[in-house]
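Reader: Could you take me through one part of this structure closely? I would like to hear about a single helix and what surrounds that part.

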Amino acid sequence: MGKDKTEAPLPPVTFSTFILSLNTAALIHLGELPNPETNEKSVNLELARHTIDTLDMLREKTRGNLTPDEERLLESILYELRIRYVKLTS
């Protein structure tokens, strides 16, 4: 598999970049961002809920092991995603 020269290098994998990638996936499923493969926005509530639940599971499993910045990031992402999900399902 050859690397396309126009691709930007991937950021190093950290807990924060992992959480941010899940946030991006959830925003795509919520129709907030276009799917990078189709460049179109669509809503998939089942996948959005699953991604939010995954973030919540990570919050539970990492409780007490995160830096204050990581904890704030995860809490704020979960809060924002839940608000957006509720708005779509109400």
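Author: Happily; here is a close look at helix 1 and its surroundings. This is a predicted model, in which local features need pLDDT of at least 70 and side-chain atom pairs count only at pLDDT 80 or more, while totals for chains, interfaces and linings use all residues. Residues are numbered from 1 along each chain as its sequence is written, and side-chain values use heavy atoms, leaving out hydrogens and water.

The protein has 3 helices and 0 strands, where helices are DSSP runs of H or I with at least four residues, strands are E runs of at least two, and numbering starts at the N terminus. Helix 1 covers residues 15-29. Its 15 residues should span 21 Å at 1.5 Å a residue (the expected span being 1.5 Å times one less than the number of residues), and the end C-alpha atoms are 21 Å apart, which agrees. Just after helix 1, Gly31 takes a positive phi of about 80°.

Which residues of helix 1 are buried? They are Ile19, Leu22, Asn23, Ala26, Leu27, Ile28 and His29; buried means under 20% relative accessible area, exposed over 50% and partly exposed in between, with a 1.4 Å probe and protein chains only. Their cover includes helix 2 and helix 3 (68-89).

Thr51 gives a view from the other side: this residue lies in helix 2 (residues 45-61) and touches Leu22, Ala25, Ala26 and His29, not counting residues up to four places away in sequence. Contact here means heavy atoms within 4.5 Å. Thr51 itself counts as buried because its relative accessibility is 8%.
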